Structure formats: structure tokens, C-alpha cells
Amino acid sequence: MHIGEITAAAAGEWTLGDLTVRRMGYGSMRITANPDRDLAVRVLRRAVELGVNHIDTAAFYFSPGGTLQVGSGAVRYATELIRDALAPYPDGLVITTKVGPGYDPDFYQAKTPAQLRAQVEENLRRLGRDHLDVVNLRILKRPGQDSLAERFAALARLRDEGLIRHLGISNARVDHLDEAQTIAPVVCVQNSYSLDNGREDDGLLRVCGERGIAFTPYFALAGARRESGAGEDHTDAVRAVADAHGVSPHQVRLAWTLHQGAHVLAIPGTGDPSHLEQNIAAGALRLSPADLARLG
Ligand SMILES: NC(=O)c1ccc[n+]([C@@H]2O[C@H](COP(=O)([O-])OP(=O)(O)OC[C@H]3O[C@@H](n4cnc5c(N)ncnc54)[C@H](OP(=O)(O)O)[C@@H]3O)[C@@H](O)[C@H]2O)c1
């Protein structure tokens with residue numbers, strides 16, 4: 001495949017409320033890991049140049065420290081790198097962010113409406129926007145005591161105020177989705193999910209499709225390795241399908257993700273320009289029923 005042919009448009013589109021996004025997006029969590037700000041800016045601009053119009057971020061994505069616990073040098077926020085690279089934002093760019101976790105230990109897991117508002121305002125400030133396109137409430141699962149009703153209602157009020165356009169939930173179960181939908185419309189669910197990890201969410205993925213809600217897996221490449229990143233320990237099936245198509249195993253993982261339903265959005269994360277191009281190219285990869293059966 002020639003670089004000139006690579007476009008996120010090949011993956012098709014989905015709508016988040018009234019916002020249309022290409023199903024091949026970009027996850028910005030790792031963009032702060034490298035102290036080279038220019039490289040981060042280049043990757044973000046290249047993503048948009050290649051047709052990406054859905055970028056996932058959070059105010060708590062920063063280095064050194066942050067969710068990745070890596071990096072050196074001066075502090076860098078993903079949200080600010082996005083602003084530096086892309087503002088004034090092009091028409092049609094949808095930035096999805098998340099609230100709930102905070103990076104100050106005392107602020108971890110926002111519980112009150114005031115804390116959630118402060119997190120929304122921090123995202124607005126760092127991104128340089130007057131409203132947020134999509135905000136996911138990222139929760140911790142504690143069966144029996146993890147109702148999201150109060151927090152989701154607080155975000156619904158911020159939506160009514162115009163600070164947020166659409167709402168989603170993250171790290172959720174079907175009963176969380178049911179609960180959230182009694183409070184306000186939900187446009188997306190973002191969970192850890194890949195061909196070899198998080199498959200207990202197969203049912204949730206299906207329910208999202210039935211309800212017209214996007215399912216946005218994170219760690220589609222990293223799988224169970226989570227924050228430590230993608231590995232090279234691919235199964236024989238992934239390697240065989242990759243060889244048959246002349247692509248990398250990571251591209252097969254992304255293509256598999258997109259084949260799980262028209263409502264499934266990919267947000268692979270990378271700080272590497274060549275990985276970015278490979279990932280976007282994977283949106284054009286069409287797997288056969290035999291490939292999918294082999295991958296499981
Ligand atoms: N809701 C939540 O709780 C939550 C949690 C975590 C993440 N997220 C979101 O989901 C996004 C995706 O998660 P993620 O970035 O952690 O994991 P990921 O997309 O599954 O994988 C990223 C890893 O894959 C590597 N990689 C990317 N493209 C590659 C390629 N073509 N070939 C080989 N290796 C490749 C990256 O390293 P290189 O940088 O070297 O390419 C990195 O190690 C995040 O950016 C974030 O926006 C959400």
C-alpha cells in the first residue's frame with residue numbers, strides 16, 4: 001500500500017450524536033511520553049492530514065508521571081499538545097475527552113459535581129475550546145457500589161449548560177449503560193477490549209450496536225499489556241492472517257477491531273509517525289470470514 005493512498009476515510013464513518021467521525025481515530029495518551037514536543041505536534045498534524053477527525057484525550061494524560069508513569073523533562077499535557085498542533089481547530093474535528101480520574105492523588109476519582117465541573121473546565125482551558133464535543137465519565141468498577149447516577153447527572157447538567165455536546169461512559173458494564181441512559185443520551189462506551197483481552201465485553205459491544213451507540217475500545221493493540229504498550233507476542237493466527245495480507249500483526253489487530261461492528265471506533269495510540277501511518281492504513285484492510293473465524 002502506498003502512503004499516498006492512506007486515509008482514515010477508508011474505515012468508514014459513524015455518528016456520535018450530531019457529530020460524524022471516521023471510524024479510524026487516534027488516541028493521544030502516549031503523545032506526551034517523548035520529551036520532543038515537535039515530534040508530538042508532527043504526529044498529531046499528520047493524523048489529521050491523513051483524515052483522522054476523532055481524537056481521544058484527557059486532561060490527566062501528561063508526562064512526566066501521569067497515567068503512563070514515564071518521561072522526563074518539562075511537563076507536557078496531551079490536551080495542550082493537541083491545541084498547539086491543531087488550533088484553530090479544523091471543521092469537523094471531534095475531540096473526545098474523559099473525566100473521573102484526576103492526577104492529584106487527593107482528587108483521584110472525582111465524586112462531586114464541583115470536582116467534575118473543575119475537570120471539564122480544565123479540559124476546556126487546556127484544549128482552548130468553549131465546549132467539549134464528547135465527554136466520557138470514566139468510572140471504577142466496584143460491583144454493588146459503583147452507581148454512576150449522581151456523577152452522570154452532574155455531567156448531564158453541564159451538557160444542558162452547553163459546556164459539553166455529548167456524553168459517554170468508560171470502563172462500564174451493561175447495567176451502567178442502562179443507568180446512564182435513564183439520565184441523558186449516551187453516544188459512546190469506551191472500554192479496554194481487543195481480540196485477546198476484555199472479551200467479557202462481547203455482550204456490551206453487541207448491546208451498544210443494538211442501541212446505536214459507539215463502542216470505542218482502548219488497548220486494542222496493547223491488550224493485556226495495557227499501559228506498558230504493544231508487544232510482539234502475537235498468536236499464530238494473528239501472524240498467519242498478517243502474512244496472508246502482507247501487513248503487520250498490529251494492523252491485523254486494528255482491522256479485527258473495526259470488523260466487530262459498524263459502530264466500533266478505533267483509537268490506536270502512538271507517538272511514532274510510521275506507526276501512525278500503518279495504523280491508519282489498517283482501516284482499509286478487509287478481513288474475510290475465514291480470517292475472522294481464525295482470529296476468534
Ligand atoms: N478510557 C480509558 O480508561 C482509557 C485508558 C487507556 C487509554 N485510553 C485511550 O485509548 C487510546 C489507546 O490506548 P493506548 O495508546 O494505551 O494503547 P493501544 O492503542 O492499544 O497501543 C499503543 C501501543 O501500541 C504501540 N503501537 C501503536 N501502533 C503500532 C504499530 N503500528 N506497530 C507497532 N506498535 C504500535 C505503541 O507504541 P509506539 O508509541 O511506539 O507506536 C504503544 O505501545 C489512548 O491513547 C487513550 O486515548 C482510554
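## Overall picture

Of the 296 residues of this protein, 45% count as buried. Keep in mind as you look around that the model is predicted. The fold is built from 10 helices and 11 strands. With a radius of gyration of 18 Å, close to the 19 Å that the globule rule gives for 296 residues, the protein is as compact as a globular protein of that length.

If you are setting up a view, the C-alpha trace spans about 55 × 40 × 35 Å along its principal axes. Among contacts with a separation of 6 or more, 71% come from residues 24 or more positions apart.

## The hairpin of E1 and E2

Let's begin with the strands E1 and E2. Strand E1 covers residues 13-16 and strand E2 covers residues 19-22; the two run antiparallel and are joined by 4 bridges. Which residue of E2 is the bridge partner of glutamate 13? That partner is arginine 22.

The hairpin has 2 residues between its strands, and glycine 17 takes a positive phi there, near 60°.

## The open sheet

Next comes an open sheet of 7 strands with parallel pairing, in the order E3-E4-E7-E8-E9-E10-E11. Which strands form its edges? They are E3 (26-27) and E11 (214-215), each of which pairs on one side only.

Further in, strand E4 (residues 54-56) runs parallel to strand E7 (residues 94-99), and 3 bridges join the two. Here isoleucine 55 stands opposite isoleucine 95 in E7. As a reminder for reading side chains, in a regular strand they alternate between the two faces of the sheet. Helix H3 (residues 113-127) lies across E7, strand E8 (132-138) and strand E9 (164-170), and it runs at about 145° to E7.

## A buried alanine at the sheet edge

Alanine 214 is found in strand E11, one of the edge strands of the open sheet. Is alanine 214 buried or exposed? Alanine 214 is buried, because 26 other C-beta atoms lie within 10 Å, where 20 or more are needed.

Leaving aside residues up to four places away in sequence, alanine 214 touches Trp14, Leu16, Val187, Cys188, Cys208, His263 and Leu265. Two of these tie back to the hairpin, as Trp14 and Leu16 fall within the span of E1, residues 13-16. By contrast, the C-alpha atoms of alanine 214 and leucine 68 are separated by 26 Å, with their positions 146 residues apart along the chain.

## Backbone points worth checking

Most residues other than glycine have a negative phi, and most peptide bonds are trans. A few places in this model depart from that pattern. The peptide bond from serine 63 to proline 64 is cis, with omega near -5°, and proline 64 sits in the loop between strand E5 (62-63) and strand E6 (76-77). Another cis peptide bond joins alanine 87 and proline 88, with omega about 0°; proline 88 belongs to the loop between helix H2 (78-86) and E7.

Glutamine 69 has a positive phi near 55° and is placed in the loop between E5 and E6. Glutamine 69 counts as exposed because it has 10 C-beta neighbours inside 10 Å. Arginine 226 also has a positive phi, near 45°, and lies in the loop between E11 and helix H7 (236-245). With 12 C-beta neighbours inside 10 Å, arginine 226 counts as exposed too, since the cut-off is 12 or fewer.

## Helix H8

How many residues of helix H8 (residues 249-258) are buried? The count is 10 of its 10 residues. Polar and nonpolar names both appear in the buried set, which includes His250, Gln251, Arg253, Val252, Leu254 and Trp256. These buried residues of H8 pack against H7, H9 and helix H10 (289-295).

## Around the ligand

Finally, the ligand. There are 28 residues around it, and Gly27, Tyr218, Gly229, Ala230 and Gly269 come nearest. Gly27 is part of edge strand E3 (26-27).

What kinds of residue make up the shell around the ligand? The shell divides into 9 nonpolar, 14 polar and 5 charged. Helix H9 (residues 273-281) provides the largest share of the shell, 3 residues, and H9 is also one of the helices against which the buried residues of H8 pack.

Note on methods
Residues numbered from 1 in each chain as written. Predicted model: local features only at pLDDT ≥ 70, side-chain atom pairs only at ≥ 80, totals over all residues. Rg over C-alpha atoms; globule rule 2.2 N^0.38 Å. Contact = placed C-beta atoms within 7 Å. Pairing = 2+ DSSP bridges. Near = placed C-beta within 6 Å. Axes fitted to C-alpha atoms, helices over the stretch in contact; angles between N-to-C directions.
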